[in-house]
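The exercises below are meant to be worked with the sequence and the model side by side. Try each task before reading the solution that follows it.

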Amino acid sequence: MARLYLDHAATTPLDPAVLEAMLPWMGCDTGFGNPASVTHAYGRTAAAAVEQARRQVADLLQAPAEGVIFTGSATEAINMAVLGSMRFSMQRGRGSHLVTCATEHSAVLAACEQLRREGATITVLPVDANGQLSLADLQEALRDDTVLVSLMLGNNETGVCHDIAAVAALLQGHPARLHVDATQAVGKVPVHLPALQADLLSLSAHKFHGPKGVGALWRCPEPRVRLQPLLFGGGQESGERSGTQAVHQIVGLGEACGLAANALPAEMQRLTALRDRLEAGLRATGIPMVCNGAGRRLPHISNLSFPGLHGEALLADIEPELAVALGSACSSADARGSHVLRAMGLDETLSLSAFRLSVGRRTTPADIDVAVAVVARSAQRLLRLSPLQPRGVAG
Ligand SMILES: Cc1ncc(COP(=O)(O)O)c(C=O)c1O
């Protein structure tokens, strides 16, 4: 096991306080009730815990609690938002056009592909070399029949942020709904719905020190954004996500939201300082380095390339000491490399060279100094041994 974990964009360790909050709901004494069993205290106690967690999620987002729908992941929340709102509209002949961006997470892009097969028209906006989209392009893409605009708050590979408040302002007066994938942003930067003005927002507990297997979709309750459910059954979660609620997971998500709300904005500043220390430290080694993505960025992610050095070779070399990623955990198996970096127009050499470091709640400045020393030592050695040629050397 690597000594230092710097892959917090993939997942984060459970906070001990979250684990403690979850345990009573995993035991066999009283916490096992079904929240739908209103006829006895076992059920009512569990239902009260679910409702408290709903308020904790809503408080973090500064939004009404009735808007929170618990899901099994951000992927599920995103699918509910994208497929659910489009199918609702398409089935009623009210429009079938969606606008998204080339650098979105595969949960959004794959859901859009599915919609395309179902007859929807999808516009995928490009980004510039910094990973930023143009509001003029968005304006131009909007049509009378546009049902949904789906954009992420911060990118999981580069950390690059879209200006969601500006997007919402641009959509003022247009009937299209705005869905924001805030999975990487929650707990790292303020994610407040009054400022973002989104109609739908997705998040996932395991990205901010909560448990895996639970997420949430917030959808505007008033006027209510209508969704075609993905799951049919017992009508839980206001009929939009049937299935017995996973009380322990939901309690864990609520607790993680409470901790995140208390820690911000100090945690944002701390993470930013760690990321800047990392990038400044590596730059100071004198090894030519490119930081992929610029402009407003999430504070915990650095996507870097050492031109001429294969990212995979670097990661294998540092693995005994550092756990870091090539790109996203989801795209690392894709032989064509990162769709995000391709969309930013990175040439093959830079793209092959890219790797991602992401810091978290337990990362310290001393950890960063170790990481800089390990990465620099390895990069210098590998560059001396087998430099990548500008094109096509897979190493
Ligand atoms: C931006 C973004 N959206 C969605 C997801 C999917 O989250 P989950 O693992 O909860 O399905 C991730 C996780 O990698 C992500 O980073």
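**Exercise 1: The shell around the ligand**

Task: Sort the residues of the shell around the ligand by class, and find which helix gives the most to the shell.

Solution: By class, the shell consists of 3 nonpolar, 8 polar and 2 charged residues, where Ala, Val, Leu, Ile, Met, Phe, Trp, Tyr, Cys and Pro count as nonpolar, Asp, Glu, Lys and Arg as charged, and the others, Gly among them, as polar. Before going on, note that this is a predicted model, in which local features need pLDDT of at least 70 and side-chain atom pairs count only at pLDDT 80 or more, while totals for chains, interfaces and linings use all residues. Residues are numbered from 1 along each chain as its sequence is written, and side-chain values use heavy atoms, with hydrogens and water left out.

The next step is to look at the 13 residues around the ligand, of which Ala 74, Thr 75, Asp 181, Ser 204 and Lys 207 come nearest; a residue is near if one of its heavy atoms lies within 4 Å. Helix α3 (residues 74–91) gives the most to this shell, with 3 residues; helices (H or I, at least four residues) and strands (E, at least two) are DSSP runs, numbered from the N terminus.

**Exercise 2: Side chains that reach the ligand**

Task: Find how far an oxygen atom of the ligand is from an N or O atom in the side chain of Lys 207, and do likewise for His 206 and His 105.

Solution: For Lys 207 the distance is 2.7 Å, for His 206 it is 2.9 Å, and for His 105 it is 3.4 Å. The protein covers 90% of the 400 Å² of accessible area that the ligand has on its own, an area that comes from the Shrake-Rupley method with a 1.4 Å probe.

**Exercise 3: Helix α3 and Glu 76**

Task: Check the span of α3, and decide whether Glu 76 is buried or exposed.

Solution: At 1.5 Å a residue, the 18 residues of α3 should span 26 Å, and the end C-alpha atoms are 25 Å apart, which agrees; the expected span is 1.5 Å times one less than the number of residues. The helix is mostly covered, since 14 of its 18 residues are buried, where buried means under 20% relative accessible area, exposed over 50%, and partly exposed in between (1.4 Å probe, protein chains only).

Glu 76 has its place in α3 and counts as buried because its relative accessibility is 16%. Leaving aside neighbours within four places in sequence, Glu 76 is in contact (heavy atoms within 4.5 Å) with Thr 71, Leu 230, Leu 231 and Arg 241. After the helix comes Gly 93, whose phi is positive, near 65 degrees.

**Exercise 4: Helix α8 and the loops beside it**

Task: Name the elements that the buried residues of α8 pack against, and find the cis peptide bonds that lead to Pro 223 and Pro 265.

Solution: Among the buried residues of α8 are Val 247, Ile 250 and Leu 253, and the buried residues of this helix pack against α1 (16–22), α2 (41–61), β2 (68–71), β7 (200–204) and β8 (215–219).

In the loop between β8 and α8 lies Pro 223, joined to Glu 222 by a cis peptide bond with omega near -5 degrees. In the loop between α8 and α9 (266–284) lies Pro 265, and the cis bond from Leu 264 to Pro 265 has an omega of about 5 degrees.

Note on methods. Polar contact = N/O pair within 3.5 Å; in protein donor to acceptor, adjacent residues only side chain to side chain.
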